[in-house]
Amino acid sequence: MKNNILIVDDIHPVFIEQAEELGYACNYQPLMKPDAVYEILGEYTGLVIRSKFRVNKEVIDQATNLRFICRAGAGMDNIDEDYARSKNITLINAPEGNMDAVGEHAVGLLLSLMNKINTADAEIRNGIWKREPNRGHELKGKTVGIIGYGFMGKSFAKKLSGFGVLVIAYDKYKTGFSDQYAREVSMEEIVRTSDVLSLHVPLTKETNGLVNDEYLFHFKKPIFLLNTSRGKVVKTQAVLNAIKQNKILGAGLDVLEVEKFPALAEQSWFDELRQSGKVILTPHVAGWTFDSYRKISEVMALKLKDLPIV
């Protein structure tokens, strides 16, 4: 069959509606196991995934009729991008659909950390009323350093524009991107002047383990650290070490090196992490709002319009 799409993860139905209006037939199988997908993938023109399904070289070799892969989200680290392109497979993602969600979530984590909202709330619920230990920091006047100035990094910078902060950004793969929300700088300036460090990079060989003990050692001031990108960008034990050394004042982690239980609880650093009052954890939901759920599908469908129907 031509122009048929296999959907192996949960997406908003608006994608199916709009894809069918374009002339595609959609097979929605969000609970299908990988082995079952492999058996039938060769029959499909398109594949829609989120994060649970990996498309490596072996999968691509079985998908002999595949013309495009849609990733319902921003990151493409679960797809062998180079090999897919070598097979003339078009890759579609939708960072425009969840960039506002990520930017807002990062701001929420930062404000909660700086004002100790999580610990103050927990104390009051346990009959403890302490004002001085819960004294906060104001965001105004601080320097916020952003690593990665794509859709997510720029969204975060834009959300910060009303707080009276200086936003600086470093992106290894871009130049000349200074705008009204952030000023392009070197990594050296990020390390030297940041009060806040926020990560908005994809997971690659270069970014895997980027934030480690050595990297954090070079920061000149104590920082608040945010990671809403990919868990493996940050070494969790390095963050905990830096907290003990007062190099990190607080960390907001939406993503971790290992996610989901029971595997997370088995990590050597997990007990220390969960007991730290200077860390706020969320379960990889920064880009996953009720609004972005629909917007991601709308963006994918819009990009699908640019592909020729054969």
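Helices (H or I, at least four residues) and strands (E, at least two) are DSSP runs, numbered from the N terminus. The structure is a predicted model, in which local features need pLDDT of at least 70 and side-chain atom pairs count only at pLDDT 80 or more, while totals for chains, interfaces and linings use all residues. Residues are numbered from 1 along each chain as its sequence is written, and side-chain values use heavy atoms, with hydrogens and water left out.

Helix α10 comprises residues 236–244. Of its 9 residues, 7 are buried (under 20% relative accessible area, with exposed meaning over 50% and partly exposed in between; 1.4 Å probe, protein chains only), so α10 is largely enclosed by the rest of the structure. The buried positions are Thr 236, Ala 238, Val 239, Leu 240, Asn 241, Ala 242 and Ile 243. These buried residues pack, through contacts (heavy atoms within 4.5 Å), against α9 (213–217), β10 (223–227), β11, α11 and β12. Thr 236 has a relative accessibility of 3% and therefore counts as buried. Leaving out residues up to four places away in sequence, Thr 236 touches Leu 256, Glu 257, Trp 269 and Leu 273. Asn 246 follows α10 and has a positive phi, near 60 degrees.

Helix α12 covers residues 290–304. The expected span of a helix is 1.5 Å times one less than its number of residues; for the 15 residues of α12 this gives 21 Å, which agrees with the 22 Å between its end C-alpha atoms. Buried residues in α12 are Ser 292, Ile 296, Ser 297, Val 299, Met 300, Ala 301 and Leu 304. The elements against which they pack are β1 (4–7), α1 (13–21), β3 (46–49), β4 (68–71), β5 and α5.

The pairing of α12 with α5 (residues 95–114) can be described further. The axes of the two helices come within 7 Å and cross at roughly 155 degrees, where axes are lines fitted to C-alpha atoms, for helices over the stretch in contact, and angles run from 0 to 180 degrees between N-to-C directions. Angles under 35 degrees count as roughly parallel, over 145 as roughly antiparallel, 65 to 115 as roughly perpendicular and the rest as oblique; α5 and α12 are therefore roughly antiparallel to each other. On the α5 side, Pro 95, Glu 96, Gly 97, Asn 98, Asp 100 and Ala 101 take part, and they meet Ser 292, Lys 295, Ile 296, Val 299 and Lys 303 of α12. By class, this contact has 4 nonpolar, 3 polar and 4 charged residues (Ala, Val, Leu, Ile, Met, Phe, Trp, Tyr, Cys and Pro count as nonpolar, Asp, Glu, Lys and Arg as charged, and the others, Gly among them, as polar).

Val 107 also lies in α5 and, at 11% relative accessibility, counts as buried. Val 107 and Phe 156 are 49 residues apart in sequence, with their C-alpha atoms 7.2 Å apart in space. Residues up to four places away in sequence aside, Val 107 touches Phe 156, Lys 159, Leu 160 and Phe 163.

Gly 145 is placed in strand β6 (residues 143–147). Its relative accessibility is 0%, and Gly 145 counts as buried. The C-alpha atoms of Gly 145 and Leu 199 are 8.7 Å apart, although 54 residues separate the two in sequence. Apart from neighbours within four places in sequence, Gly 145 is in contact with Ile 168, Ile 190, Ser 194, Val 196, Leu 197 and Ser 198.

Asp 195 occupies the loop between α8 (187–193) and β9 (196–199). With a relative accessible area of 15%, Asp 195 is buried. Its side chain and that of Lys 221 are joined by a polar contact of 3.1 Å (a pair of N or O atoms within 3.5 Å; within protein, one must be able to donate a hydrogen and the other to accept it, and residues adjacent in sequence count only if both atoms are side-chain atoms). Not counting residues up to four places away in sequence, Asp 195 touches Lys 142, Thr 143, Lys 221, Pro 222, Ile 223 and Phe 224.

Backbone geometry was also examined. Most residues other than glycine have a negative phi, and most peptide bonds are trans. Asn 88, in the loop between α4 (81–86) and β5 (90–92), has a positive phi near 60 degrees and is exposed, with a relative accessible area of 67%. In the loop between β12 (279–281) and α12, His 284 has a positive phi near 55 degrees; His 284 is partly exposed, at 35% relative accessible area. The peptide bond from Phe 261 to Pro 262 is cis, with omega near 10 degrees, and Pro 262 lies in the loop between β11 (248–253) and α11 (270–275).
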